[in-house]
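Biologist: Thanks for sitting down with me. Could you take me through the terms one by one as we look at the model?

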Amino acid sequence: MVGGRSVDLCPTVAVKVFSAGTAGCVADLVTFPLDTAKVRLQVQGESRPSLDGSRMKYRGVFGTMFTMVRTEGPRSLYSGLVAGLHRQMSFASVRIGLYDSMKQLYTRGSENAGIGTRLLAGSTTGAMAVAFAQPTDVVKVRFQAQVRLPESDSLKRYSSTMDAYKTIAREEGIRGLWKGCLPNITRNAIVNCSELVTYDIIKELILKKDLMTDNMPCHFTAAFAAGFCTTVVASPVDVVKTRFMNSVPGQYSGAANCAFTMLIKEGPTSFYKGFVPSFLRLVSWNIVMFVSYEQIKRAVMTFQQPRNSY
């Protein structure tokens, strides 16, 4: 509540779902180049470089982005954006928009939710979101990584987002669109818990201690903390998820085999490949998303208030 307005008190589930999906799209538009750089760094090394060193090498987040722009053009930084926006509209709207409702469900309407309840609510909405959005995530990752892949008959380039959906379904079956679903559920349960619960708790503490009011600086601080915690906790699962989603049929027998292969061939540090872009992307994504989410939610409620007052 800001300045005595009641507009912030009771947003409906529909308002939260719409605001979360829209805010997720805004955040993706701003941070997508960082996400693409993260994917390129994560998949680099899954195939052994040739002896002549001709395989493209990426070094660091900004070096990766510079190399992509120089060799593939600026548009390469936004490869897979359409699928990314599809993903956010179906993914962020569920995992973020339904979080408060799920929390109230587990507490049977009580406003006093413990950390266990918050973790359970975050895990639930994260898993639900994957069930809806997994095909969009697979296509997004394939587009972000495909330019780096060698030309071969085993994995063709996709001419458009819809072509990617159709090609994957035709060549790999419907299961291909849900490839990596288990590691993605694991990742998003971890991400959702780290992200939403950290944001929820820190925002609540800030307001309870009267350090800030419920405004943009408060949302910025809580979102920054949420992004940092999420990066540290979720990076290993995120790398395995990206590798497995991007793999050609038969490359790995499963997510566990993918993780084991990485450990044997590339060592434990491979699980933190792309950590810096992951950190930059998650922190910036969280800041843009949560600040946008709070403002969009508030704007929608303000728009509805005069209509509801009659």
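Modeller: Gladly, and let me begin with a definition: buried means under 20% relative accessible area, exposed over 50%, and partly exposed in between, with a 1.4 Å probe and protein chains only. This is a predicted model, in which local features need pLDDT of at least 70, side-chain atom pairs count only at pLDDT 80 or more, and totals for chains, interfaces and linings use all residues. Residues are numbered from 1 along each chain as its sequence is written, and side-chain values use heavy atoms, with hydrogens and water left out.

Biologist: Why is Asp163 called partly exposed?

Modeller: Its relative accessible area is 24%, and partly exposed is the class between under 20% and over 50%, so Asp163 belongs there. Asp163 lies in helix H6, residues 161-172; helices here are DSSP runs of H or I with at least four residues, strands are E runs of at least two, and both are numbered from the N terminus. The C-alpha atoms of Asp163 and Val139 are separated by 9.8 Å, with these positions 24 residues apart along the chain.

Biologist: And what makes Arg87 buried?

Modeller: Arg87 has a relative accessible area of 7%, and the class needs under 20%, so Arg87 is buried. Arg87 is found in helix H3, residues 81-95. Leaving out residues up to four places away in sequence, Arg87 touches Ala92, Ala133, Thr136, Asp137, Lys140, Arg187 and Asn188, where contact means heavy atoms within 4.5 Å.

Biologist: What makes an empty space a cavity rather than a pocket?

Modeller: On a 1 Å grid over the protein atoms alone, a cavity is a set of points where a 1.4 Å probe fits but cannot get out, while a pocket is an open set with protein on both sides within 12 Å along at least five of seven lines; lining residues have an atom within 4 Å of a point. Grid points are joined across faces, edges and corners, and a volume is the space filled by probe spheres set on the points. The search finds 3 cavities of 30 Å³ or more in the whole structure.

Biologist: Which residues lie nearest the centre of the largest cavity?

Modeller: They are Arg87, Gln88, Arg187, Arg281 and Leu282, out of 18 lining residues. The elements giving two or more residues to this lining are H1 (13-43), H3, H8 (181-208), H9 (216-246) and H11 (275-308). The largest cavity holds about 130 Å³, and its lining divides into 5 nonpolar, 3 polar and 10 charged residues. Ala, Val, Leu, Ile, Met, Phe, Trp, Tyr, Cys and Pro count as nonpolar, Asp, Glu, Lys and Arg as charged, and the others, Gly among them, as polar.

Biologist: How do you know that the length of H10 agrees with its residue count?

Modeller: The expected span is 1.5 Å times one less than the number of residues. For the 12 residues of H10 (255-266) that should be 16 Å, and the end C-alpha atoms are 16 Å apart, which agrees.

Biologist: Which residues of H10 are buried, and what puts them on the same side?

Modeller: Ala255, Cys258, Thr261 and Met262 are buried in H10. They cover an arc of only 120° around the axis, so they sit on the same side of H10; the arc is that of the directions from the helix axis to the C-beta atoms. The face turned away from this buried side carries the exposed residues Ala256 and Ile264. H8 and H9 are among what covers the buried residues of H10.
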